[in-house]
Amino acid sequence: MMARRTRKKARPRVTGDVPTSMPLLEVRDLTVEFATRRGVVRAIEHVDVAVAKGETLGIVGESGSGKSVTSYAVMRILDRAGRIIQGSVLFSGLDLITKSDADMRDLRGREMSMIFQNPRAALNPIRKIGHQIEDVLLQHAQVGNQDVGEYAIQMLDQVQIARPRERYHAYPFELSGGMCQRVVIALALACRPQLLIADEPTTGLDVTTQKAVMDLVVELTRKRDMSSILITHDLGVAAAYCNRLVVMQNGHVVETAKSQTIFSKPSHAYTRKLMRATPRPGVSLRELLPEDVRAPRPKASPARGAGAPLLTVEKLVKEYPRKRDVTLFARLFGPKPPIEQEIFRAVDGISFSIKRGESVGLVGESGCGKSTTSMMLMRLIDKSSGLIMFDGENIGEIPPRDFTRLPLRKRIQMVFQDPTDSLNPRYTAARAIADPILRLGDISGGDEVRARCEQLAQRVGLPNELLDRFPHQLSGGQKARVGIARAIALKPDLVVLDEPTAALDVSVQAVVLNLLQDLKDSLGMSYLFVSHDLNVVRLLCDRVIVMRAGQIVEEGLTEQILSEPQANYTRELLAAIPHPPV
Amino acid sequence: MKESNSILRHARYVVSENLVTGFAFLLFVLIALAALFGPYIVPHDPLASDTATTLRSPSFKHWFGTDQLGRDIFSRVIVATRLDFAIALSSVILVFAMGGLAGIASGFFGGWTDRIIGRISDTIMAFPLFVLAMGIVAALGNTVTNIVLATAIINFPLYVRVARAEANVRREAGFVQAARLSGNSESRILLTHILPNIMPIMMVQISLTMGYAILNAAGLSFIGLGVRPPTPEWGIMVAEGAGNIISGEWWIALFPGLALMLAVFCFNLLGDGLRDLVDPQRRT
């Protein structure tokens, strides 16, 4: 077994050239159907994809384009409703479609393996990570029982996990998201497969982690002369790491070309649309939209950036007790006086202000306290200390429970990150928009409220006939519009936008960002835009605040911070963003 | 309008996917009809005794035979449906209101509310449930109302746990936060946002406990608590016939027992069907 695994090491590195030799994986004319309640749906149709030895291929497309289904069909892990109708999948000469399930089980993990989007879900939560790596090795009889532990530690070392001997005994919940993804990579590469399929491996990770993880994947696959397929919705990531790209739309391959070619001369209209919608430096918000739908910007309201600040935050702190197992036994017989509870400061004394009509970006990686800050400003959770002044009133002193019923509630609203999660699945769009109007609004009576809802729907570009639909009958972009309509229903002064486009496709994101911009200009609201994506913040915000570990690292005008960052951390963040080569 | 339409379509899909569910729905309709119209359609008066025709085996005239007092067992079985059904239904509605509300409050508010309600249901679960029900009926008095109450109390922990778990996962959901921003008070969020969302799961729970409630009511009557003879009731009828099985008159106990079994069977199957109906995994 081991002898067969030792492959020649010196192999020329594959560059951007389209290889001429026989491809490692060749998918020809692949069609997959799913049986659903509404009849049979074709997820992909006549898909042709080829991956050469040592090549990194990117499959790019928006949600529903069939990019994941293609990879599942290759691995033969479609769920029960899915069926391969026609086509062939040749993997180093073997036709995978005719293989038995037992043969496929043997191939998966040993010859071809996969990394999934959510690393935590891909690991067994109650098993030590070292043992999980051993399981894979033993399953495919790669290493003998004696050496397996050492080999697992070696694998952890290779994916650059510090102190691998110690971490061998760690459980997944003890590791960060980026570390978990490294473990998943170690699992996938443990048996030295020839093909690695990475399905959105860095979605949900911070930019700096994303860069580290992707660099690692590329380095390891190069070193081992493996082929890989990177499935992503992010053109920047695809361009930075792939030799060739396949662009998919609605289950069809619309374009296949070398990365550079795709970015310099995209031939298909859909590719051009995708590229245009991707936020990047030096591009205004309007330029993200297709030419034919660009409306002129409404006139900015005169209140912009003038007068006393609308919101002032001073030395705001949020502390959480770090959970310690203080059992009754320990309390009775432990050392006296008892050990003081450790305190974790999620937000550590931050101060800033927002003027009327201004939009401020709050940027930072996950866990930096930006969400906690926004929840405190929204009066959804209590602060530990500090001052929150809103238009001259000290709202920080009002407990969240009482704040709900005050007229002030109307003036501070929020748009949530996940448009699906933030809509009650049992409420129609109209009912969702009407909720704040019914509770806090000055109008009552069914017809009047309905009229207001229709007016708001029009404002956010939601067709009136969609108002009677339930969330599951709406698309992601439409749900985002409902969420925005609900937030602006009471004409608030300050809207906190908590990564409002993180769950949306780029083309939808472009539309929603433009909508937010227009609404701000015409209604004169102030925005606090919470995000981890500097490229998006650049488009919408006048000023940026960069946060790290509960503290403000840097603050200033957007252009200034993005072009001449002062703090090292900001520079790091900026450097980690993958850019399409345009 | 549109939503109800799609629910109908989905119901048809679930039934056609799983014939057992279809069978359970059919059985349910039959039981419901018997409960509603039983007294008007039976061939004999269920209470009229006739000393001339005691202990007759099943015949064309008496489909299920007659008992010691010459009463027609078929008529008694059909008429008893209403009483057993009513006891089970009212106890389930009662426990749904009590347990469901206590459960969502417990899951949503957490803290002391959760602790107190949790300990109450733990206490109930610490007893053998049927013995607890016996104790309650024996202590409070031998009436139908108390059977309903006892059945409700022993089912209380089941409802609390389901409702608590469902409410707990939705406590920090985006739409709940959004409702807070819209100016809804906590209790309003509980009733208008959380409750409608856990209704489907609770419906499944209702169906599953319905069978158990029927069995419990019949069991209490069987040992002589609650409903008294000569009222037609499945549990009493089985008890009355039990002594006659050895002497060969098997039909007195068999047919009410069979009715009981079918009813319980029907509700359990219906629960599985309902679960398919409301399970989002099955909706594509």
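Two residues are taken to be in contact if their C-beta atoms, placed from the backbone, lie within 7 Å. The structure is a predicted model, in which local features need pLDDT of at least 70 and side-chain atom pairs count only at pLDDT 80 or more, while totals for chains, interfaces and linings use all residues. Residues are numbered from 1 along each chain as its sequence is written, and chains are lettered from A and ligands numbered from 1 in the order in which they are written.

Helices (H or I, at least four residues) and strands (E, at least two) are DSSP runs numbered from the N terminus, and two strands pair if DSSP finds at least two bridges between them. In chain A, an open sheet of four strands follows the order E2-E1-E4-E5 with antiparallel pairing. Strands E2 (39-51) and E5 (94-95) of chain A are at its edges, each with a single partner strand, so one side of each has no neighbour in the sheet. Strand E1 (residues 25-36) and strand E4 (residues 82-91) of chain A run antiparallel and are joined by eight bridges; A:Arg28 has A:Ser88 as its bridge partner in E4(A). Helix H2 (residues 67-75) of chain A lies across E1, E2 and E4 of chain A, at about 105° to E1(A). Such angles run from 0 to 180 degrees between N-to-C directions, with axes fitted as lines to C-alpha atoms, for helices over the stretch in contact.

A further open sheet of four strands in chain A has the order E12-E11-E14-E15, also with antiparallel pairing. Its edges are formed by E12 (343-355) and E15 (393-394) of chain A, each with a single partner strand, so one side of each is left without a neighbour in the sheet. Strand E11 (residues 309-321) of chain A pairs with E12(A) in the antiparallel sense over ten bridges, and A:Val317 has A:Asp348 as its bridge partner in E12(A).

Helix H9 (residues 207-223) and helix H22 (residues 568-576) of chain A pack at an angle of about 50°, their axes being 8 Å apart. The contact involves A:Val207, A:Thr208, A:Gln210 and A:Lys211 of H9(A), together with A:Glu572, A:Leu573 and A:Ala576 of H22(A).

Between the chains, the contact takes 20 residues from chain B and 23 residues from chain A. Helices H1 (2-17), H7 (174-181) and H8 (186-222) of chain B each supply at least two residues of the side of chain B that touches chain A. H7(B) gives the most to that side of chain B, with seven residues.
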